[in-house]
Every structure is written in structure tokens, then in C-alpha cells.
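Work through the following exercises with the sequence and the coordinates at hand. Each task is followed by a solution set out in steps.

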Amino acid sequence: MVTCENFKDCPLYKEFKLQKLANMWVREYCKGNFLKCKRRQLKLSGKDIPLTLLPNGQNLIS
């Protein structure tokens, strides 16, 4: 399985690995189809990534 190049440095991943729900996010976005990760897309475009931005593009704080 291919893993995102930002996997170990992603601050959100560090939060995810502390929680059981994280496994779903990691499978789907970090070790799955990471091309659809909104956090990765922002990083590649050189933009700042809000810590509250989830990989699916939703924000933890509405």
C-alpha cells in the first residue's frame, strides 16, 4: 500500500493516532487514495493548512 509522503509530518495524523476513529482516516486518506486529501492538496499548492481542516475538506470548527 502506498503511503502519503506527508504521513509522518502531518500534525493531524499525530492527533489521529491517539484515537480509535483515526484508523478510518489513516486508511482512507494517508494510506489509501491520499490524492484526494484536502490537506495534501493545500500543502502542494504552497498554502497554509489549518490544523482544524480534515482530510475530506470539512473543518472541525464550523
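**Exercise 1.** Determine whether Asn6 is buried or exposed in this predicted model, and identify its contacts beyond the sequence neighbourhood.

*Solution.* Step 1: locate the residue. Asn6 belongs to the segment before α1.
Step 2: apply the cut-off. A residue is buried under 20% relative accessible area; Asn6 has 15% relative accessibility and therefore counts as buried.
Step 3: list the partners. With neighbours within four places in sequence set aside, Asn6 is in contact with Arg40 and Lys43.

**Exercise 2.** Describe the surroundings of Arg40, and state whether this residue is buried or exposed.

*Solution.* Step 1: assign the element. Arg40 is part of helix α3.
Step 2: classify the exposure. The relative accessibility of Arg40 is 12%, so the residue counts as buried.
Step 3: collect the contacts. Neighbours within four places in sequence excluded, Arg40 is in contact with Cys4, Glu5, Asn6, Phe34 and Leu35.

**Exercise 3.** Find the salt bridges of the model and state how many there are.

*Solution.* Step 1: recall the principle. Side chains of opposite charge can pair when their charged atoms come close.
Step 2: apply the cut-off. The nitrogen of Lys or Arg must lie within 4 Å of a carboxyl oxygen of Asp or Glu. The count is two salt bridges.
Step 3: examine the pair that involves Arg40. The side chain of Glu5 forms a salt bridge with that of Arg40, at 3.1 Å from N to O. This pair links distant parts of the chain: Glu5 is in the segment before α1 (11-16), Arg40 is in helix α3 (residues 38-44), and they are 35 residues apart.
Step 4: compare the exposure of the partners. Glu5 is partly exposed at 46% relative accessibility, whereas Arg40 is buried, with a relative accessible area of 12%.
Step 5: turn to the other pair. Glu28 and Lys36 meet through their side chains in a salt bridge of 2.3 Å, N to O. Glu28 is partly exposed, with a relative accessible area of 31%; Lys36 also counts as partly exposed, at 32% relative accessibility.

**Exercise 4.** Characterise the aromatic pairing in the model, and explain why Trp25 and Tyr29 are separated by about one helical turn.

*Solution.* Step 1: count. There is one aromatic pair. Trp25 and Tyr29 form this pair, and the arrangement is stacked, with 5.6 Å centre to centre and 25° between the planes.
Step 2: check the angle. Planes under 30 degrees apart count as stacked, and the angle here is 25°.
Step 3: relate the pair to the helix. Trp25 and Tyr29 are four residues apart in helix α2 (residues 22-30), and therefore about one helical turn separates them.
Step 4: add the environment. Both Trp25 and Tyr29 are buried. Lys36 lies over the face of Tyr29, at 5.4 Å from the ring centre. Lys36 is also the partner of Glu28 in a salt bridge.

**Exercise 5.** Which residues are in contact with Phe34, leaving aside its neighbours within four places in sequence?

*Solution.* Step 1: locate Phe34. This residue lies in the loop between α2 and α3, and its relative accessible area of 11% makes it buried.
Step 2: read off the contacts. Outside the four-place neighbourhood, Phe34 is in contact with Val2, Thr3, Cys4, Glu5, Tyr29 and Arg40.
Step 3: consider a distance across the sequence. The C-alpha atoms of Phe34 and Phe7 are 9.6 Å apart, although these residues are 27 residues apart in sequence.
Step 4: examine Asn33. Asn33 is also in the loop between α2 and α3, but is partly exposed, with a relative accessible area of 41%. Asn33 and Cys4, 29 residues apart along the chain, have C-alpha atoms separated by 8.6 Å.

**Exercise 6.** Summarise the architecture of the protein and the confidence of the prediction.

*Solution.* Step 1: describe the elements. The protein has three helices and zero strands, in the order α-α-α along the sequence.
Step 2: quantify burial and surface. Of the 62 residues, 31% are buried. The accessible surface is about 4,500 Å², and 55% of this surface belongs to carbon and sulfur atoms.
Step 3: assess the contacts. Among contacts with a separation of 6 or more, 46% join residues 24 or more positions apart.
Step 4: assess confidence. The mean pLDDT is 85, and 85% of the residues score at least 70. Among the elements, α1 has the lowest mean pLDDT (75) and α3 the highest (95).

Note on methods. Residues are numbered from 1 along each chain as its sequence is written. This is a predicted model: local features need pLDDT of at least 70, side-chain atom pairs count only at pLDDT 80 or more; totals for chains, interfaces and linings use all residues. Side-chain values use heavy atoms; hydrogens and water are left out. Helices (H or I, at least four residues) and strands (E, at least two) are DSSP runs, numbered from the N terminus. Buried means under 20% relative accessible area, exposed over 50%, partly exposed in between (1.4 Å probe, protein chains only). Contact means heavy atoms within 4.5 Å. Accessible areas come from the Shrake-Rupley method with a 1.4 Å probe; for residues, only the protein chains shown count as cover. Rings of Phe, Tyr and Trp (its six-membered ring) pair if their centres lie within 6.5 Å; planes under 30 degrees apart count as stacked, over 60 as edge-to-face and the rest as tilted. A charge sits over a ring if NZ of Lys or CZ of Arg is within 6 Å of the ring centre and within 35 degrees of the ring normal. pLDDT is the predictor's confidence in each residue, from 0 to 100.
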